[in-house]
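Trainee: Let's go through this model and its ligand site. I'll ask, you reason.

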Amino acid sequence: MLLYFKPGACSLSIRIVLMELDLPFESVEVDTQAGLTLDGADYRTINPKGYVPALQIEPGFVLTENPVILQYLADLRPQAGLAPTAGMLERVRLQEWLNFTSSELHKAFAPWFSGRTFEEGEQSRAETNLARRIDDVERGLSDGRPFVLGQSFTVADAYLFVVLNWTGFIGFDLARWPTVAAYVARVAQRPVVRAALVAEGLLQLEAAQ
Ligand SMILES: N[C@@H](CCC(=O)N[C@@H](CS)C(=O)NCC(=O)O)C(=O)O
């Protein structure tokens, strides 16, 4: 498989899951602004939508959309337990978290990643909206569960962690949400997550050991 990614972007969750599942893959970095892969290909010929992630499953078959790729991968190795079995209520709960992360939390970061500077009042509106979505995560984890579905790490945690980790990039302090802050720290300690961060140049190798 071939992963098209941008360091630290939501495509990092696909890398984490590929590595958690020990699936062989290669990766190609994409400059989404320029619409080019780092090896010089026109990225729109690979993913006409222009964003990452894209995962080439086999020659001629490219899958896009983070929540879909994550579930596809989890279902390749069901024994790893990264997603409950399709058809079970717990699987629907996983999809609920994936959709929330994608359409609510991820998109709440969009104002910081738009490439333009904030206009008057815009940043505080964006911060209020982001805080509301982080409130939702705090509430979802408030019974003390270590991961979103309970005791074990799933693909929903890979995606949620990557998105929450952007708070560090934009300087948004998680101190108001102690459960969320502890969750991010917990997932960041997973050896595979640390290795994935190293692979994308987001963590020094020595710090990961
Ligand atoms: N709906 C898409 C959203 C993907 C997305 O927002 N990708 C961002 C990085 S996290 C991106 O490539 N942005 C660059 C761009 O849109 O040019 C998915 O779930 O995969």
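Trainee: From which domains does the shell around the ligand draw at least three residues each?
Mentor: This is a predicted model. In this model, 13 residues surround the ligand. At least three of the shell come from each of two domains: domain 1 (2-78) and domain 2 (83-190).

Trainee: Which helices each supply at least two residues of that shell?
Mentor: The closest residues are Cys10, Tyr51, Val52, Glu65 and Asn66. By type, the shell divides into 7 nonpolar, 3 polar and 3 charged residues. The helices that each supply at least two are H2 (66-76) and H3 (89-108).

Trainee: How much of the ligand does the protein bury?
Mentor: Start with the polar contacts. Glutamate 65 places a polar side-chain atom 2.6 Å from a ligand nitrogen. A polar backbone atom of valine 52 is 2.8 Å from a nitrogen of the ligand, and a polar side-chain atom of histidine 106 is 3.3 Å from a ligand oxygen. Alone, the ligand exposes 520 Å², and the share buried by the protein is 77%.

Trainee: Which pocket does the ligand take up?
Mentor: Look at the space the ligand takes. Among the pockets, that space is the largest.

Trainee: Is the peptide bond from valine 52 to proline 53 cis or trans?
Mentor: Most peptide bonds are trans. Proline 53 sits in the loop between strand E3 (36-37) and strand E4 (54-58). Omega for the bond from valine 52 is near 5 degrees, so by that value the bond is cis.

Trainee: What is the phi of aspartate 22?
Mentor: Most residues other than glycine have a negative phi. Aspartate 22 lies in the loop between helix H1 (11-20) and strand E2 (26-31). Although not a glycine, aspartate 22 has a positive phi, about 60 degrees.

How values were computed
Residues are numbered from 1 along each chain as its sequence is written. This is a predicted model: local features need pLDDT of at least 70, side-chain atom pairs count only at pLDDT 80 or more; totals for chains, interfaces and linings use all residues. Side-chain values use heavy atoms; hydrogens and water are left out. A residue is near a molecule or strand if one of its heavy atoms lies within 4 Å of it. A polar contact is a pair of N or O atoms within 3.5 Å; within protein, one must be able to donate a hydrogen and the other to accept it, and residues adjacent in sequence count only if both atoms are side-chain atoms. Accessible areas come from the Shrake-Rupley method with a 1.4 Å probe; for residues, only the protein chains shown count as cover. On a 1 Å grid over the protein atoms alone, a cavity is a set of points where a 1.4 Å probe fits but cannot get out, and a pocket is an open set with protein on both sides within 12 Å along at least five of seven lines; lining residues have an atom within 4 Å of a point. A molecule sits in a cavity or pocket if more than half of its atoms lie within 2 Å of its grid points. Helices (H or I, at least four residues) and strands (E, at least two) are DSSP runs, numbered from the N terminus. Ala, Val, Leu, Ile, Met, Phe, Trp, Tyr, Cys and Pro count as nonpolar, Asp, Glu, Lys and Arg as charged, and the others, Gly among them, as polar. Domain bounds come from an automatic or database domain assignment.
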